[in-house]
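Good morning, and thank you for the time. Please have the sequence and the structure in view while I speak.

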Amino acid sequence: MSVTALGAPAETRRLVAQKKTQDLVFGTIGVLVLFVVMGLLLTLVSDLIIDGAGRITPEFLTSFPSRRAAQAGVLSAWIGTSLVMIVTAVVAVPLGVGAGLYLEEYAPKNILTDAIEINVSNLAGVPSIIYGLLALGFFVYALGMGQTILVGGLVLALLILPIVIVATREALRAVPAGLRESAYGIGANQWQVMWNYILPSARPGILTGAIVGLSRAIGETAPIITIGALTYIAFLPPSPVSSTPPFVNLDWLNSPFTVMPIQMFNWVSRPQAAFHENAAATGVLLLGMTLLMNGFAIYLRYRLRRTVRT
Amino acid sequence: MTMTTGQPLSEYETLRASAFLRRGRLLAAAMKLVLFACAALSVVITGAIVWVLVSESLPFFREIPLTTFLTDTEWTPVFTNARYGILPLLSATFWAAGIAMAVATPLGLVLAIYLSEFARPGVREALKPILEMLAAVPTVVFGYFALLFLTPLARQFIPGLSGFNLLIPGIVMGVMILPYVVSISEDAMRAVPMSLREGAFAVGMSRVQMAFSVIIPGAFSGVTAAYLLGFSRAVGETMVVAIAAGQNPNLTGDPREGAATITAYIVQMSLGDLPHGSLAYSTIFAAGLTLFVITLVFNLLGFFLRRKFREAY
């Protein structure tokens, strides 16, 4: 090899330039892929808006579904979704936070804990339609609860439980160890440490996880179809509040229901284009709700990170 | 409770203090039990899933031998001349999931490497929310997009593409699982120690060379786990295929045709009137059990591989 005093730097420069080009090419490919993905997301959103925005009127929100596409609305669907989400949140958040707290702060390192961990991770991967079958076989028939808001809320709660558990554990892990130690140091017992110090400090993280979980539940269709929830609901559940004592009425839990994604699926599966417009309008509303919830969660996390850093 | 230093507590004060502490300890012990019950509930849920799937599909497997179920090539449970072979549903499921992986694997790898090795921290923080937004889109919306936007568009370019087909839902599912695959693989890649990167640069590698010869081998188990978990998601995904791939069981080698997947079949049957205890009712549980077993295998493999990469560094 003829390495001259002048040749070596030239060779080196060539190699460096070659490697820089390689990096530039790959970096460009990465950005391109990102643009393709973002472009697809944008296309999806704008396609929905173009197809459906014309149908989003006050009447659309205050009408029941109908055989005539132009008069149909999502009143029973959005009320159904709201009520189901209340049940889901009330069930999934305490259970998920409790399980996360146990696994992160209490659980001894043994086979049982290991089994629970594998279990949670597997549950996160169980297809949502399987939860629907569980609800159909267990809640609807074995317990005879029927196709009610309560069952719908319960099945979605089970579905998002792993999300809440994982988010809780991550939030707990971010709590500084010093807080725990000082709380024990002033004589608090384990539960007092958790309730008065650890949980309040982990609250924003837990809240973020709960919102992400609920936004997933809002869009879930398959498990609700599987329990056999009717798609044509032209009435509202009994009101949750009443004017006579005790002012709270729980009859709505046992009412049949429909939700936004079911209504959308129902309209997508019809051949007439007029119903597809309704589906798109429902899609816009649904997408708006989930993106708002996720945006809020991302904002919360961002704020949280800033406060932790400073 | 008044307490002055140096003076011993009165008997009354000692009693009150110890009662206070005992109450606290009791509550703490009770809460520990409650929290354990919350965690143990996840095991109960899995148990309930297995119990429901097995007990409700038992009537089916009493009538139809397992060999017929697994080898018959027709699935026509509601016809007068009923045939019960799961193969058409399985083949459609794997076609759609396979196409999804063909999309998600290269794109996911490029994106994960880009985010973990190329993007500056500020850029990465700005980009991750976009991926999260993509993950948040309801699947029924993706189904609408696949059936009413992408399929009509693709039919102008791909001859022989039916209105319902496996190709387009497969591609859409690939994009759908992308955020999930990227986030797990990126985690694995960022867990590779900085010293390995520095070593690679020291011997004169470019960033690309470093990514492919150091980061990918170093994060191999985590990246593989991402793909296994992504595949399991695609197999269990319901609404996109139920809307855009059709509801006709069809044992085909051509993804341009429509075919019902396992999940689409369950949806289709659930929409009709299914008398509890009928054979048709038990078919959806037999199909569900098959789906559960497939996803369980991939989930467990993924779980152990992921745990391995966490232990490695």
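I shall take the chains in turn, then the contact between them.

Please keep in mind that this is a predicted model.

Let me begin with chain A. Its secondary structure consists of eleven helices and zero strands. The 310 residues of chain A have a radius of gyration of 26 Å, where the globule rule gives 19 Å, so the chain is more spread out than a compact globule. Its C-alpha trace extends over about 95 × 65 × 35 Å along the principal axes. Of the 310 residues, 45% are buried. If we take the contacts in chain A between residues at least 6 apart in sequence, 77% of them link residues at least 24 apart.

Within chain A, I would draw your attention to one helix pair. Helix α6(A), residues 149-173, and helix α8(A), residues 190-219, have axes that come within 8 Å and cross at roughly 150°. The crossing of these two helices is right-handed. Which classes of residue form the contact of α6(A) with α8(A)? There are 15 nonpolar, five polar and two charged residues. On the α6(A) side, the participants include L156(A), I160(A), I163(A) and A167(A). On the α8(A) side, among them are I198(A), A202(A), G205(A), G209(A) and R216(A).

I turn now to chain B. Here we find twelve helices and zero strands. A compact globule of 313 residues would have a radius of gyration near 20 Å, whereas the value for chain B is 27 Å. The C-alpha trace of chain B spans about 95 × 65 × 35 Å along its principal axes. Buried residues account for 48% of the 313 residues. Among contacts in chain B between residues at least 6 apart in sequence, the share joining residues at least 24 apart is 72%.

Again, one helix pair deserves a look. The axes of α3(B), residues 87-118, and α6(B), residues 167-190, come within 6 Å and cross at roughly 35°. This crossing, too, is right-handed. The contact of α3(B) with α6(B) comprises 23 nonpolar, five polar and two charged residues.

Between those two helices in sequence order lies α4(B), which covers residues 121-136. Does its length agree or disagree with what its residue count predicts? At 1.5 Å a residue, its 16 residues should span 22 Å, and the end C-alpha atoms are 23 Å apart, which agrees. L131(B), L134(B) and A136(B) are buried residues of this helix.

A single residue of chain B comes next. R197(B) belongs to helix α7(B), residues 194-202. Is R197(B) buried, exposed or partly exposed? It has 18 other C-beta atoms within 10 Å and is therefore partly exposed. Leaving aside residues up to four places away in sequence, R197(B) touches M210(B) and V214(B). Its C-alpha atom is also 7.7 Å from that of I215(B), which lies 18 residues away along the chain.

Finally, the contact between the chains. How many residues does each chain contribute? Chain A provides 70 residues and chain B provides 72 residues. On the side of chain A that touches chain B, the most is given by helix α1(A), residues 7-52, with 16 residues. By class, that side of chain A has 44 nonpolar, 23 polar and three charged residues.

That concludes my presentation, and I welcome your questions.

Conventions
Residues numbered from 1 in each chain as written. Chains lettered and ligands numbered in written order. Predicted model: local features only at pLDDT ≥ 70, side-chain atom pairs only at ≥ 80, totals over all residues. Axes fitted to C-alpha atoms, helices over the stretch in contact; angles between N-to-C directions. Helix = DSSP H or I, 4+ residues; strand = E, 2+ residues; numbered from the N terminus. Left-handed = near helix turned anticlockwise from the far one by under 90°. Contact = placed C-beta atoms within 7 Å. Nonpolar A, V, L, I, M, F, W, Y, C, P; charged D, E, K, R; others polar. Rg over C-alpha atoms; globule rule 2.2 N^0.38 Å. Buried ≥ 20, exposed ≤ 12 C-beta atoms within 10 Å, placed from the backbone. Expected span 1.5 Å × (residues − 1).
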